[in-house]
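Q: I'm new to reading protein models. Could you walk me through one, feature by feature?

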Amino acid sequence: MASRNGEEKVELGFNDVNETKTKKDWILLSLRVVAFCATTAATLVMALNKQTKSLIVGTIGNTPITATLSAKFNQTPAFVFFVIANGNASLHNLVMIALDILGPQYDYKGLRLALIAILDMLTMALASAGDGAATFMSELGRNGNSHARWDKICDKFESYCNRGGGALIASFIGFILLLIITVMSIAKLLKPNRINHAPIP
């Protein structure tokens, strides 16, 4: 009887660990899905961001001279880098979602968790750099720089700047989620689940 009770306790311990593991895996998977949506939205909004406007560039007598100007994301290297960084983050999360769904069948000698943690860190670092570069250029476009005599452009291309700001917000949401995902991946790597077997009397 004592042996059976001990076996039941051990079995209950296995079930508790499996339930906890499943819950944590679903939380991580849900965070990846939301992060994927955020970075994909940021990529698409910025990549499709364009505004064309006719502006008065001078006058001859009383006749204004107009010119048609366009503001595009690819005119600013920082925004191009932003699109690349967020596109990479989207692709990374999509691959990780597929791996989470497929499970450990592609695990080679326990290297899957280590590889995922490393890729999460690299993706987060790249996304952080892209967000920082785009934020700096956005601030410059909105306020200019009087010391360098760089004029602001958001007073002329307001829609372009508003859409860029929306892309930045979505990207920062994705970055925060990537940070949480990275912490969870490292914790999952460094602290594997252990089962405390109940002593069998």
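Q: Leaving aside its neighbours within four places in sequence, which residues is Thr43 in contact with?

A: Keep in mind that this is a predicted model. To read contacts, look for residues whose heavy atoms come within 4.5 Å of each other. For Thr43, setting aside neighbours within four places in sequence, those are Val83, Asn86, Gly87 and Ser90. Thr43 itself is found in helix H1, and its side chain reaches the backbone nitrogen of Gly87 at 3.2 Å.

Q: Is Thr43 buried or exposed, and why?

A: Check the relative accessible area: under 20% means buried. Thr43 counts as buried because its relative accessibility is 13%.

Q: What about the chain as a whole: how many helices and strands are there?

A: Start by listing the elements in order. The chain has four helices and two strands, and along the sequence they follow the pattern α-β-β-α-α-α. You can also ask how much is tucked away: of the 201 residues, 31% count as buried.

Q: Which residues have the most contacts inside the largest nonpolar core?

A: A core is a set of buried nonpolar residues joined through their side chains. The largest one here has 15 residues, and those with the most contacts inside it are Met46, Phe73, Phe79, Phe82, Val83, Ala134 and Tyr160. Helices H1 (2-47), H2 (77-102) and H4 (158-190) each supply at least two of the core residues. H4 gives the largest share, with five residues.

Q: Can we zoom in on one of those: what is Phe73 in contact with, leaving aside neighbours within four places in sequence?

A: Use the contact idea again. Phe73 is in contact with Met46, Ala47, Asn49, Phe79, Val80, Val83 and Tyr160.

Q: Now the outside: which residues form a nonpolar patch on the surface?

A: Here you hunt for nonpolar side chains that are accessible and sit within 5 Å of one another. Leu115, Ile118, Leu119, Met121 and Leu122 make such a patch, with about 440 Å² of accessible area together. Met121 has its place in helix H3 (residues 111-143). It counts as partly exposed because its relative accessibility is 35%.

Q: And a strand residue: where does Ile65 lie?

A: Find the element, then check accessibility. Ile65 lies in strand E2 (residues 63-72), and with a relative accessible area of 34%, Ile65 is partly exposed. Its C-alpha atom is separated by 10.0 Å from that of Ser54, 11 residues apart along the chain.

Methods
Residues numbered from 1 in each chain as written. Predicted model: local features only at pLDDT ≥ 70, side-chain atom pairs only at ≥ 80, totals over all residues. Heavy atoms only, no water. Patch = residues over 30% accessible without salt bridge, like charges linked within 9 Å, V, L, I, M, F, W, Y side chains within 5 Å. Areas by Shrake-Rupley, 256 points an atom, 1.4 Å probe, with all protein chains shown as cover. Salt bridge = Lys/Arg side-chain N within 4 Å of Asp/Glu carboxyl O. Buried < 20%, exposed > 50% of the residue type's maximum accessible area, 1.4 Å probe, protein only. Core = buried A, V, L, I, M, F, W, Y, C linked by side-chain atoms within 4.5 Å. Polar contact = N/O pair within 3.5 Å; in protein donor to acceptor, adjacent residues only side chain to side chain.
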